[in-house]
Amino acid sequence: MNTSDLWEKVVDNIKSSITPEAYSLWISPLKPLNFENNIFTLEVPNIYFSQWIVNNHQKNIETILSNSHGQPVTLEMKTQQDISSIIKIVGDTPEHIDNNAPIIQKDQINPKYIFSGFIVGASNRFAHGCAEVVAKNPGKQFNPLFMYSGVGLGKTHLLHAIGNYIKQTTPNLKTLYATCEKFVTDYIESIRFDNAASVKRKYRDLDCLLIDDIQFLVGKEASQEEFFHMFNTLSTSKKQIVIVSDRPPKELEGIEERLISRFEWGIIADIQPPDLETRIAILHKKAEEERLYVPDDVILYIATQVKSNIRQLEGSLLKVTAFSLFTGTALTVDSAQRILRDVIKSDGSAHITIENIQKVVADDFNIDMRDMKSKRRTDAIAFPRQIAMYLSRTLTDEFSTNAIGNAFGGRDHSTVMHACNKIKEKMDSDPYFNSKINQIIKKIRSIE
C-alpha cells in the first residue's frame with residue numbers, strides 16, 4: 001500500500017470521529033510525504049499542528065497505519081515552516097515589515113523586487129506594462145516614465161524591478177536607484193565641500209536613473225535647479241529616466257513649472273488600490289513565499305478588510321500568522337478579527353451590516369429578503385442563506401456566530417458553522433463559485 005492510500009485510511013477514520021470544524025482546521029492541512037522503513041512522514045504547517053497531533057491523534061494514527069500495513073509503523077512529522085523567521089515580526093507594525101531585505105549593491109537597487117514578484121491586476125496593469133517596456137528598451141520609449149500612487153501600492157517595487165531587469169539583460173548600462181532625498185543630500189554635500197563635479201559625475205554619467213519620492217524636491221529651489229540640468233543632460237543623451245511620486249506632476253506645488261513640464265514629456269502612469277481578486281492573489285503569493293499555512297477563509301477575510309495599502313495587507317497576513325504561532329492558537333477568521341481589530345479600523349473600511357449582506361445575496365439569487373430568516377429549506381433558499389451566513393462571519397468583525405444565527409431567524413451556532421464550512425469547501429474546489437463570491441463581496445462593499 002502506497003503513502004497516499006495509507007493516509008486515506010487514516011483520514012477516513014479520523015473524519016468520522018471528530019467535528020467537521022476540527023477536521024477542516026487541523027487535519028485537512030496535513031500532507032503525507034513518504035513511507036519508508038516503516039516510518040510514515042507527515043508534513044504539518046507548523047510546530048503547533050505537530051503538538052496537537054501528538055496530544056490528540058498520534059497513537060490512533062500509528063495504530064491505523066500499522067493495521068493497514070501489517071507491521072508496526074512510527075509516525076514522524078516534518079514542519080513546513082520555520083517559526084523563528086515569523087515570530088520575530090510579532091509586535092512590528094505592518095508599515096515596517098516590508099523593509100527587511102538588505103540593499104547590498106552600489107547602485108542601491110534592491111534584488112528583492114523583480115517583475116515576477118509583482119502581482120498584476122486592473123489597478124496597476126498600465127503602470128506595470130509601462131515599466132516593462134522601459135526595462136526592455138531603456139531610453140527608447142516612455143522617457144521619462146513618471147509613476148505615482150499612494151503609500152504602499154507598489155510603485156517603488158516597479159522602480160527596483162526596472163533596475164534589476166536592466167542589470168540582468170544589459171549589465172553594461174550604468175543604472176542607479178536613488179531617493180530624491182539622497183539626491184538633495186548629495187547636492188548639499190557638494191556645495192558644502194566645494195565639489196560640484198561629484199554630483200555631476202554621479203548623476204549625469206548614467207544610462208538609467210531611477211529616482212524615488214520626487215515630491216521631496218518641493219520648496220528646494222537650488223536642488224531643483226541642479227535636477228533640471230541633470231534631467232536635460234540625460235534626456236538629451238537619450239538616457240532613461242524613471243520618476244516616482246506620491247502625486248501626479250500637476251499637483252507638485254512648489255516645484256518649478258519647467259520641471260513639471262519635463263516630467264510630462266514622456267508618459268504618466270498611476271497605480272490605484274488593488275481590487276479584491278488582486279488582494280487575494282497578493283496574499284496567496286506572500287503566503288507561498290514565506291511558506292505559511294493560512295486557511296483560504298482567513299485570506300479572504302484579510303483581503304476584504306484591508307484594502308488601501310499592499311504593505312499593510314501583507315503585514316496583516318504576517319501579523320496574524322505570527323500571533324497564531326507565538327500563542328499556539330488556531331488561525332481562524334475569529335482569531336484574525338481579534339488580532340487585526342486596530343489595523344482594520346485604521347484602514348478605514350466601510351461598515352458592513354448583516355442586513356446589507358442579506359439584501360445583496362437575496363438580490364443576486366432573486367429570492368425574497370424574508371427568506372433569509374424563514375424556515376424554508378429548499379436548495380434555492382438554503383444555499384443563498386448559507387452564503388449570506390458565511391459572508392456575515394467573514395466580512396464583519398463584531399458579530400459572534402450566535403449573533404449571526406439570531407439575525408437569520410434564530411439559528412444556532414452549529415447551523416452557522418455548518419453553513420460556513422459548506423461554502424468554504426465549495427470555494428476551495430470551484431474557482432467559478434469563488435469568483436461569484438468575490439463579485440458579491442464587491443456589491444456589498446459598494447453600498448454607501
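Reader: What is the strand order of the open sheet, and how are its strands paired?

Author: Happy to start there! In this predicted model, the open sheet has three strands in the order β1-β2-β3, and the pairing is mixed.

Reader: Why are β1 and β3 said to stand at the edges?

Author: β1 (31-36) and β3 (74-79) each have a single partner strand, so one side of each is left without a neighbour in the sheet. From one strand to the next, the twist averages 25°.

Reader: How do you know that β2 and β3 are paired?

Author: Pairing requires at least two bridges between two strands. Strand β2 (residues 39-44) is joined to β3 by six bridges, so the pair qualifies, and the two run parallel. Within that pairing, Ile39 stands opposite Thr74 in β3.

Reader: Which strands does helix α1 lie across, and which does helix α4 lie across?

Author: Helix α1 (residues 3-15) lies across β1 and β2, at about 120° to β1. Helix α4 (residues 58-69) lies across β1, β2 and β3, running at about 120° to β3.

Reader: What describes the packing of α14 and α19?

Author: Two packed helices are described by the angle between their axes and the distance between the axes. For helix α14 (residues 296-305) and helix α19 (residues 379-395), the angle is about 65° and the axes are 9 Å apart. The crossing of α14 past α19 is right-handed.

Reader: Which residues meet there?

Author: From α14 come Asp297, Leu300, Tyr301, Thr304 and Gln305, and they meet Tyr390, Arg393, Thr394 and Leu395 in α19. By class, this contact has four nonpolar, three polar and two charged residues.

Reader: Which residues touch the most other members of the largest nonpolar core?

Author: That core has 79 residues, and Met147, Ile162, Ile302 and Leu391 touch the most other members. Its largest share, eight residues, comes from α19. A second, separate core of 26 residues includes Cys180, Leu206, Ile211 and Ile260.

Reader: What is Ile302 in contact with, leaving aside neighbours within four places in sequence?

Author: With those neighbours set aside, the contacts of Ile302 are Leu283, Leu313, Ser316, Leu317, Val320 and Leu340.

Reader: Why is Gln386 called buried?

Author: Gln386 lies in helix α19. A residue counts as buried under 20% relative accessible area. Gln386 has 12%, so the word buried applies.

Reader: What is Gln386 in contact with, beyond neighbours within four places in sequence?

Author: Gln386 is in contact with His418, Ala419, Lys422 and Ile423. The C-alpha atoms of Gln386 and Met417 are separated by 9.5 Å, with the two residues 31 apart along the chain.

How values were computed:
Residues numbered from 1 in each chain as written. Predicted model: local features only at pLDDT ≥ 70, side-chain atom pairs only at ≥ 80, totals over all residues. Heavy atoms only, no water. Helix = DSSP H or I, 4+ residues; strand = E, 2+ residues; numbered from the N terminus. Axes fitted to C-alpha atoms, helices over the stretch in contact; angles between N-to-C directions. Contact = heavy atoms within 4.5 Å. Left-handed = near helix turned anticlockwise from the far one by under 90°. Nonpolar A, V, L, I, M, F, W, Y, C, P; charged D, E, K, R; others polar. Core = buried A, V, L, I, M, F, W, Y, C linked by side-chain atoms within 4.5 Å. Buried < 20%, exposed > 50% of the residue type's maximum accessible area, 1.4 Å probe, protein only.
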